[in-house]
Amino acid sequence: VPSWSAMISFNLSSCNPGPFILMGIPGLEQFHVWIGIPFCIIYIIAIMGNCIVLYLIAVEHSLHEPMFFFLSMLAMTDLILSTAGVPKTLSIFWLGAREITFPGCLTQMFFLHYSFVLDSAILMAMAFDRYVAICSPLRYTTILTPKTISKIVVGIAFRSFCIILPDVFLLTRLPFCRTRIIPHTYCEHIGIARLACADISINIWYGFCVPIMTVISDVILIGVSYTFILCAVFRLPSQDARQKALGTCGSHVCVILMFYTPAFFSILAHRFGHNVSRTFHIMFANLYIVIPPALNPIVYGVKTKKIREKVTLLFSTKGMK
């Protein structure tokens, strides 16, 4: 019969589990130091690119438009997404700092999942912006007023918060009496839940279905927006007008494809790809939190004429100094 002290200590350890151990990329431990170098370079590109975009949008009055406001929000969210995961990953790769506290693990998980769902919502808002700009150009400034934009921003930020916050409470209710080793470079909901010695069916149901259904609904709304956009574009009288209208959407379409294609690939591989190795899953998951944040500002810099001109001006002015 277990003693009272043993039962009390078990309950305490269940409520306040000790530190978790993040193992990095299983099977590639001997290459961690080298894998960290490209991750660090891409992370620096992501930080610099998004900070330049935020700086230009803040100081240039010609960029104070709804489209660029949503772009600045995307840049901030990308900074959160990459910073929530990459610094800890690099500390595992280079310093062997594998321990992470339970509150630290929950915090990292929250910001990673929150920024992912928020990124999706921002892309949906940007699709709505392009729809209004192309389908109702004369009413653009009256529809997307600062007050309306503020409501959209608060709405999508609050929606993302409400979707991800239950993940934290679903994990804090679980007892962790077995291993605390996570075969990953960062904490994610189902990965933590699988370490619990209790029924995690609600975690699996909520953690998989609710965010996925949210992202799918965003994709459907983006698809509807672009269906209306294409119909409006092909009704334009001249080829030049069509190309100009499609050109304003080009950067947004590239970012949408870069965000959703690997996301759905990763989700489907996790759910159905039983023959896909864990090493590949984890490597792909790590690339996903650093490559889109690094590429997004580059795509907008190349594809958006106003940003391209301001970046050229910024660096040519610095060069002259």
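**Helices and ring pairs in a predicted model**

Biologist: How many residues has helix H4, and what distance does helix H4 reach from its first C-alpha to its last?

Modeller: Helix H4 covers residues 102-135, 34 residues in total, where a helix is a DSSP run of H or I of at least four residues, numbered from the N terminus. The expected span is 1.5 Å times one less than the number of residues, here 50 Å. Close to that value, the reach in the model is 49 Å.

Biologist: What kind of model is this?

Modeller: Residues are numbered from 1 along each chain as its sequence is written, and side-chain values use heavy atoms, without hydrogens and water. Local features need pLDDT of at least 70, side-chain atom pairs count only at pLDDT 80 or more, and totals for chains, interfaces and linings use all residues, for the model is predicted.

Biologist: Is H4 mostly covered or uncovered, and how many of its residues are buried?

Modeller: Buried means under 20% relative accessible area, exposed over 50%, and partly exposed in between (1.4 Å probe, protein chains only). H4 is mostly covered, and its buried residues number 25 of 34.

Biologist: Which class of aromatic pair do Tyr-131 and Phe-228 form?

Modeller: Rings of Phe, Tyr and Trp (its six-membered ring) pair if their centres lie within 6.5 Å; planes under 30 degrees apart count as stacked, over 60 as edge-to-face and the rest as tilted. Tyr-131 lies in H4 and Phe-228 in helix H8 (residues 201-234), so the pair ties together parts 97 residues apart in sequence. Tyr-131 is partly exposed at 26% relative accessible area, and Phe-228 is partly exposed at 46%. With 5.8 Å centre to centre and 55° between the planes, the pair is tilted.

How values were computed. Helices (H or I, at least four residues) and strands (E, at least two) are DSSP runs, numbered from the N terminus.
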